[in-house]
Structures are given as C-alpha cells and as structure tokens.
Amino acid sequence: MNDSLLDREVALRDVTERFGQGHLFAWWDRLGREERTSLLEQIQSVDFQQVRSLTDTLVQQAVPQEPAELKPAPILRVPRDDREREDARKAAQRGESLLAAGRVVPLVVAGGQGTRLGFHGPKGAFPIGPISGKSLFAFFAEKILATQTRYGPTVPWYVMTSPENDAETRRFFREQAFFGLAEDQVFFFVQGTLPAVDREGRILLASPGRLSLSPDGHGGTLPALVRSGALEHMEQRGITEISYFQVDNVLVRVLDPVFIGVHAGAGAEMSSKVLRKACPEEKVGVIGVRNGKLAVIEYSDLSRQDMVATGPDGRLKYWAGSIAMHMLQVAFIRRLHESGIRLSFHRADKRVPHIDAAGNLVCPEQPNGIKFESFIFDALEFAANPVTLEVIRSEEFSPVKNATGVNSPDSARRDLMELHASWLEEAGARVPRNPDGSLAVKIEISPRAALDLRDVRERFRPPPAVTGDLLLEEAPSR
C-alpha cells in the first residue's frame with residue numbers, strides 16, 4: 001500500500017470511529033489491496049454527518065407525523081367542452097413553439113434493474129415491443145426522433161442511471177447504435193447513493209469490503225443534475241424546460257406539447273400529470289393541498305378515511321393519482337441549489353442482505369434495514385405557480401413493475417396495442433376484434449411511423465388493411 005493510501009486509511013478510520021461506524025474496518029486484515037482501495041473510496045464518499053442526522057430523525061426518533069390538513073388540489077381536467085378544448089389547443093401551440101425553439105428536453109430516470117421482471121439488465125433495456133421486441137429505451141428514443149422530425153431542432157436526451165447500472169446502460173446504448181440518435185445528444189449522469197443502516201444506525205456491510213449502498217431516490221435527480229454538469233449543459237444550450245418521466249412507462253408522451261404549453265403558460269416552476277385512480281386502494285400517490293401547499297401524498301401515508309372519501313358527485317374526493325410525469329424549469333432547479341434548499345429524506349424499511357458479526361452473509365426474510373430516499377415531487381412545495389394536468393390512463397400510463405398481473409409486461413403490451421389499434425380505428429381502419437372486444441391480432445406502430453393519431457391520419461391515407469398481426473415501422477413514402 002502506498003503512503004497516500006495509508007494516510008487515507010488512518011484519517012478515515014478516525015472519521016468512522018468518531019461517528020460510531022468503526023465496524024466498517026472490521027474485516028480490513030482479510031482484504032486484498034484492490035478491496036482495501038475500494039472500501040476506502042466508498043467510505044470517503046459517505047457524508048457521515050448526514051447519515052447521523054438521518055439516523056437521529058428517521059431511525060432512532062421516528063416520531064409519527066402530526067395529521068395534516070388535506071384538501072383536493074386544483075386540477076386542469078381533461079377537456080369536456082368547446083372552451084376547454086380551445087384552451088388545450090392554444091396550450092399545444094405554445095408547447096409546439098417551445099419545441100421548435102429547442103428549449104425543451106426529455107429526462108428519464110433509469111436507475112432501476114429488471115430483477116423483479118426476471119430480467120438481467122437495466123430496466124430500460126427490457127424488451128416491451130409486442131411484435132418487434134424493442135426495448136423501453138428504443139421506444140423513448142424513437143419518440144424523440146419523431147419529435148425532431150416534426151419540429152426541427154435536435155433534442156438532447158438526459159438519462160439518469162445508478163451506480164449499479166450505469167456502465168451496462170451505456171454499453172446497451174452503444175450496442176444499439178443509440179437507437180438512431182447521435183451519440184453526442186445523449187447525456188448520461190449518475191444519481192447519488194446513501195448507505196443502508198440497521199435499527200441502531202450502524203451502516204450495513206454487503207461484504208467485508210463493500211458498504212450496502214442504495215440510490216438516494218428520484219429526488220436525487222436534482223442534485224445529480226448539478227453535480228454531473230448536466231444542468232450547466234442545459235443552460236449553455238438555452239434549454240429552459242425539462243420533461244421528466246420514469247423508465248418503466250411505455251405509453252409516456254416524452255415531449256407533450258399540451259403539457260409543455262400549460263406549464264409554460266402558467267409560468268409554473270414545476271408541473272405534474274395525474275389520472276383518475278382506478279380504485280381507492282390503487283398504489284399511487286395522490287396530489288392534494290396539504291397544510292396549504294400542493295403536495296403528493298404517498299398512498300401509504302393516506303389515511304383510510306381520506307382514501308375512500310367521496311365528494312358531492314359520489315366519486316373519490318382524492319382521485320388525482322400521481323404518475324411521475326413532471327415539467328420542471330431549469331431555472332427552478334438552479335434556484336433550489338443556490339438557495340441551499342434540499343429535499344427531505346424519507347425512511348424506507350427494507351430487507352437488506354448484509355454480513356453479520358461473524359462475517360456470514362444474512363439474507364433476511366423480514367425488513368431489517370433502513371434506506372433513505374428523497375422524492376422529486378417534494379419539490380412542489382417550493383415551486384411557484386405549480387400546475388396539475390389530468391390525462392387519460394389508456395393514452396399515457398401503463399408501467400412495467402411486476403412480473404405478472406397488473407402493471408406487468410403483458411398488461412403494458414396489451415395497453416400499447418390497444419392504443420395503436422385505436423389510432424387506426426379512428427383513422428378509418430377496421431381492426432379485427434374478439435367477441436369480448438379484445439384485439440384478435442397484434443398491432444404495433446413505431447413512433448417513427450406515427451408519433452400519435454395526428455400522424456396516422458396524415459401519413460396513412462387510406463389507413464392500412466388489418467388482416468393479421470401488423471407492425472408499422474416506417475411511414476409510407478409520398
């Protein structure tokens with residue numbers, strides 16, 4: 001070991017002892033040179049003062065929060081009359097102007113792995129195309145390409161990975177030739193991590209030379225943008241708005257002119273999309289006004305009374321389910337950073353594999369550890385003029401979270417095919433259906449062929465005859 005590394009060891013041992021984390025060096029004598037170097041680098045990256053503060057407030061005290069005063073949020077509903085449809089048309093024009101000026105970029109949060117789906121690799125690499133087998137990443141990239149074709153400017157794409165999948169994600173993009181995008185228009189950046197602790201606040205070890213580190217939640221997007229230089233990259237290019245979404249939703253409108261226009265027209269620093277909950281127990285947060293401020297209330301934090309409460313119309317009072325789609329001003333993120341505002345962390349009790357005092361790997365069957373996460377929607381309370389926009393589930397939301405059943409690959413593929421079939425039917429095509437109304441064939445439309453119903457109507461005249469499975473990869477040449 002060289003002198004500089006030895007100096008780091010002595011200094012870092014002192015730091016861990018002062019914060020009650022000296023056990024991180026318990027297996028030092030058994031580690032090889034590379035393992036020791038890696039362990040020191042991990043320890044050096046930990047903000048022990050932050051860990052102590054989080055432990056004091058979220059682990060050892062864990063005082064239940066006082067009941068909040070909750071009210072329904074003001075929401076721009078799906079247009080139901082001519083005036084509302086005209087407002088949406090004007091918002092779309094405003095959003096299209098911003099897209100044509102190159103001032104809006106997409107940002108996907110893609111730090112997850114496909115483990116729950118039985119897939120080995122980044123979740124964004126999961127093959128979701130019903131016929132083509134294209135990945136989630138490929139669908140998003142093709143939507144970006146289609147947006148460029150429609151509005152003109154090249155669109156930079158910001159992809160937030162995690163330390164766990166960053167190298168593999170970059171490799172997948174290279175292997176897929178960036179899905180037709182230019183390599184230099186994709187900006188990868190990595191979210192931060194925090195160590196998991198036990199119920200006494202001791203940092204858990206995943207192995208003798210490795211801390212148990214976990215991503216710091218999607219709220220970590222904001223500091224990661226600053227830390228990585230991505231925010232400065234946007235500012236230098238005159239980008240003013242970010243379209244934020246998560247990697248598991250194949251139906252997402254990556255760059256939605258209506259949403260962009262509504263957000264910009266209100267002068268909002270942050271805006272959100274919501275949809276009507278399918279049932280009171282649906283596991284999505286709801287947007288409401290909590291203690292006078294717009295907020296997302298996690299489904300686990302919503303009281304049973306509020307969960308099932310109904311309004312004068314007999315429908316759910318708190319129906320606005322948050323679907324992790326936001327617009328954020330670049331200047332808003334810069335303001336939060338420069339003013340020192342940091343999003344609060346939340347406690348998550350998890351099963352955390354770790355080594356015990358004897359050095360044996362323990363894989364607990366019940367939650368044994370605590371992870372700390374921040375949520376991007378907590379930024380809403382700091383945002384000026386926030387807007388909440390209602391959207392239609394069948395058109396915009398079908399996440400891939402579970403291996404089977406609801407929100408699974410099968411349900412997402414079905415919803416994607418139903419959306420594409422509806423475009424063809426509205427354009428005048430006859431689509432074969434079973435007696436129960438379900439599709440009798442598979443249908444898939446690449447975003448390169450048609451980004452939406454508008455493209456289907458304009459590019460496919462007459463609409464294609466559907467006599468069997470149909471994959472439209474390109475628009476017909478004229």
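Here is a short selection-by-selection tour of the structure, which is a predicted model.

**Stop 1: strand 10 and its neighbours**

Start by selecting residues 270-276, which make up strand 10. This strand is mostly covered, with six of its seven residues buried. Now add residues 320-329, which is strand 13. The two strands pair in the antiparallel sense, and six bridges hold the pairing. To see one position in that ladder, pick Ser-272: its bridge partner in strand 13 is His-326.

Next, bring in residues 387-390, strand 18. Here the sense is parallel, and four bridges join strand 18 to strand 10. Click on Val-274 and look across to strand 18, where Glu-390 stands opposite.

**Stop 2: Ser-322**

Stay in strand 13 and select Ser-322. Is this serine buried or exposed? Ser-322 counts as buried, because its relative accessibility is 11%, under the 20% cut-off. Leaving aside residues up to four places away in sequence, Ser-322 touches Lys-273, Val-274, Val-284, Gly-285, Val-286, Ile-287 and Val-296. Val-274 should ring a bell: that's the residue opposite Glu-390.

**Stop 3: Leu-231**

Jump to residues 230-236, helix 8, and pick out Leu-231. With 0% relative accessibility, Leu-231 counts as buried. What does Leu-231 touch, not counting residues up to four places away in sequence? The contacts are Leu-225, Val-226, Val-330, Ile-333 and Arg-334. If you like drawing distances, try Leu-231 to Tyr-158: these two are 73 residues apart along the chain, and their C-alpha atoms are separated by 10.0 Å.

**Stop 4: backbone oddities**

Time for some torsions. Most residues other than glycine have a negative phi, and most peptide bonds are trans. The next three picks go against that background.

- Select Phe-178, in the loop between helix 6 (166-175) and strand 4 (186-190). Phi is positive here, near 55°. Phe-178 is at 6% relative accessibility, so it counts as buried.
- Select Asn-407, in the loop between helix 12 (393-396) and helix 13 (409-426). The phi of Asn-407 is also positive, near 55°. At 26% relative accessibility, Asn-407 counts as partly exposed.
- Finish with Arg-461 and Pro-462, and check the peptide bond from one to the other: it is cis, with omega near -5°. Pro-462 lies in the loop between helix 14 (453-459) and strand 20 (470-472).

Definitions and conventions
Residues are numbered from 1 along each chain as its sequence is written. This is a predicted model: local features need pLDDT of at least 70, side-chain atom pairs count only at pLDDT 80 or more; totals for chains, interfaces and linings use all residues. Side-chain values use heavy atoms; hydrogens and water are left out. Buried means under 20% relative accessible area, exposed over 50%, partly exposed in between (1.4 Å probe, protein chains only). Contact means heavy atoms within 4.5 Å. Two strands pair if DSSP finds at least two bridges between them.
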